[in-house]
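Please look over the model shown here before reading on.

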Amino acid sequence: MVELEVQIPTAFDPFTEAKDSGAPGVKEYVHIRIQQRNGKKKLTTVQGLPKEFSYEKILKAVKKEFCCNGNVVHDKELGEVIQLQGDQRKNVQSFLVNADLVKKEYIKIHGF
């Protein structure tokens, strides 16, 4: 009889090196969304900021700069989310880019 060596392939992830290298397409995005409330009232949410940032300090600076109210909400699935009164999408994007917290290519703005 002839004995054959059979190798069983294991699970292979071709993107493991890319995840570790910090390539541009791998990073998490910061999502800025708008939600409709009652009538004309709107709510802006910021999700996906890096965990090493202090959400309270960012919120305090944004509230002072744009004269709006807001808070940090702890969500089970999404983590910490910053909520702001009004349509602050463009303002928050410019604030995050100018403060060198997030690069512009890692920000996604959602809404109507």
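The questions below deal with the sheet, one residue in it, and the empty space.

Reader: What kind of model is this, and where does numbering start?
Author: This is a predicted model, in which local features need pLDDT of at least 70, side-chain atom pairs count only at pLDDT 80 or more, and totals for chains, interfaces and linings use all residues. Side-chain values use heavy atoms, with hydrogens and water left out, and along each chain, as its sequence is written, residues are numbered from 1.

Reader: Which strands stand at the edges of the sheet?
Author: Helices (H or I, at least four residues) and strands (E, at least two) are DSSP runs, numbered from the N terminus. Two strands pair if DSSP finds at least two bridges between them. The open sheet has five strands in the order S3-S4-S2-S1-S5, with mixed pairing. One side is left without a neighbour in the sheet where a strand has a single partner, so the edges are strand S3 (70-75) and strand S5 (107-109).

Reader: How many bridges join S1 to S2?
Author: Strand S1 (residues 30-36) and strand S2 (residues 42-47) run antiparallel. Gln36 stands opposite Lys42 in S2. The number of bridges joining S1 to S2 is six.

Reader: Is Thr45 buried or exposed?
Author: Thr45 lies in strand S2. Contact means heavy atoms within 4.5 Å; leaving aside neighbours within four places in sequence, the contacts of Thr45 include His31, Ile32, Val81 and Ile82. Buried means under 20% relative accessible area, exposed over 50%, and partly exposed in between (1.4 Å probe, protein chains only). The relative accessible area of Thr45 is 8%, so this residue is buried.

Reader: Which class do the residues lining the largest cavity belong to?
Author: On a 1 Å grid over the protein atoms alone, a cavity is a set of points where a 1.4 Å probe fits but cannot get out, a pocket is an open set with protein on both sides within 12 Å along at least five of seven lines, and lining residues have an atom within 4 Å of a point. The largest cavity is lined by Val46, Leu49, Ile58, Val62, Ile82, Leu84, Val92 and Leu96. Ala, Val, Leu, Ile, Met, Phe, Trp, Tyr, Cys and Pro count as nonpolar, Asp, Glu, Lys and Arg as charged, and the others, Gly among them, as polar. The lining has no polar and no charged residues, and eight that are nonpolar.

Reader: What volume has the largest pocket?
Author: Grid points are joined across faces, edges and corners, and a volume is the space filled by probe spheres set on the points. Of the 16 lining residues, Glu28, Tyr29, Val30, Gly48 and Pro50 lie nearest the centre of the largest pocket. The volume of the largest pocket is about 290 Å³.
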